[in-house]
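This report describes the fold, the buried strand residues and the charged side chains of one protein chain. The sequence and structure are shown first, and the account follows.

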Amino acid sequence: MAANHYRPLMAHLVPAFKDDGALQLRSPLGRRLAGAVRELGLDGEVVLVPVPSLAHSRRRRGLDHGLALARTAARLTGYRAQPLVTRVPIRDGRQRGRGRQERRALLSDEMRLTRRPQPRLGAVVTDDVVTTGSSLAATVAALRRAGIPVLGAAVIADADRRLERGVDVSPGYPAGE
């Protein structure tokens, strides 16, 4: 579920928050993410699991923007946010400029579970922007490998209107779309 299209407005707001230090955007962007989570229509105990950032990106930015947004959305929805997945450094791990298949191959073994949530919790994977869906799919796959049920995905913005067509987070993804 996407709260917004990426262009034109979110193409300015999301990078301003995560790359330019416009921390005052945490609350409005977190509200947008909370809206996308609510639209999933889930009941019961849910944990919001942000797509993990690269360690060097977190250090450069001075914060884990995905976790900050997930925590804001969790506070507004009554759920919890936990960073259950981490990225394992790989050589030349840059996604920018790569196509969908290249991103999938790059991310397929990069995500690892860092800790387990409480039993009976279902996960909603969250991110700021979905472009190709590869980061979402890799995070979903890491959770599922650990036996954690994934109930859906929620993002602030959809760059290519992929979620309108439906990014498949069903079992077996990313084998097909």
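The accessible surface of the protein chain amounts to about 9,000 Å², and carbon and sulfur atoms contribute 49% of that area. The model under discussion is predicted. Of the 177 residues in the protein chain, 48% are buried.

**Overall fold**

The protein chain contains seven helices and seven strands. Along the sequence these elements follow the pattern β-α-α-β-α-α-β-β-α-β-β-α-β-α. Among contacts in the protein chain with a separation of 6 or more, 80% join residues 24 or more positions apart.

**Strand 6**

Strand 6 covers residues 122-130 and includes Thr126. Val125 is also placed in strand 6, as is Asp128.

Is Val125 buried or exposed? With a relative accessible area of 0%, Val125 is buried, because the term applies under 20%. Leaving out residues up to four places away in sequence, Val125 touches Val49, Val51, Leu136, Thr139, Val140, Leu143, Val150, Gly152, Ala153 and Ala154. Val125 and Pro50 are separated by 75 residues in sequence, yet their C-alpha atoms are 5.7 Å apart in space.

Thr126 is likewise buried, its relative accessible area being 1%. When neighbours within four places in sequence are set aside, the contacts of Thr126 are Leu33, Val37, Leu48, Val49, Pro50, Val51, Ala70 and Ala154. Val49, Val51 and Ala154 therefore appear among the contacts of both Val125 and Thr126.

**Salt bridges**

How many salt bridges does a search of the whole structure find? The search finds three, and they are set out below.

| Salt bridge | Closest N to O distance |
|---|---|
| Asp128 and Lys18 | 3.0 Å |
| Asp19 and Arg60 | 3.9 Å |
| Asp19 and Arg61 | 3.1 Å |

The side chains of Asp128 and Lys18 meet in a salt bridge at 3.0 Å. Lys18 belongs to helix 1 (residues 6-20) and Asp128 to strand 6, so this pair ties together parts that are 110 residues apart in sequence. Asp128 is buried, with a relative accessible area of 5%.

The salt bridge between Arg60 and Asp19 has its closest N and O atoms 3.9 Å apart. Arg60 lies in helix 3 (residues 55-61) and Asp19 in helix 1, so the pair connects parts that are 41 residues apart in sequence. Arg60 counts as exposed at 53% relative accessibility, whereas Asp19 is partly exposed at 38%.

Asp19 also forms a salt bridge with Arg61, at 3.1 Å from N to O. This pair links distant parts of the chain, with Asp19 in helix 1 and Arg61 in helix 3, 42 residues apart. Through shared partners, the salt bridges join Asp19, Arg60 and Arg61 into one network.

**Positive surface patch**

Which residues gather in a patch of positive charge on the surface? The patch is made up of Arg26, Arg71, Arg75 and Arg115. One of these residues, Arg71, lies in helix 4, which spans residues 65-77. Arg71 counts as partly exposed because its relative accessibility is 45%; this value also satisfies the requirement of over 30% for a residue in a patch.

Key: Residues are numbered from 1 along each chain as its sequence is written. This is a predicted model: local features need pLDDT of at least 70, side-chain atom pairs count only at pLDDT 80 or more; totals for chains, interfaces and linings use all residues. Side-chain values use heavy atoms; hydrogens and water are left out. Patches are made of residues with over 30% relative accessible area and no salt bridge: like charges are joined within 9 Å, nonpolar side chains (Val, Leu, Ile, Met, Phe, Trp, Tyr) within 5 Å. Accessible areas come from the Shrake-Rupley method with a 1.4 Å probe; for residues, only the protein chains shown count as cover. A salt bridge is a side-chain nitrogen of Lys or Arg within 4 Å of a carboxyl oxygen of Asp or Glu. Lys and Arg count as positive and Asp and Glu as negative; His and the chain ends are not counted. The place of a charge is taken as NZ of Lys, CZ of Arg, CG of Asp or CD of Glu. Helices (H or I, at least four residues) and strands (E, at least two) are DSSP runs, numbered from the N terminus. Buried means under 20% relative accessible area, exposed over 50%, partly exposed in between (1.4 Å probe, protein chains only). Contact means heavy atoms within 4.5 Å.
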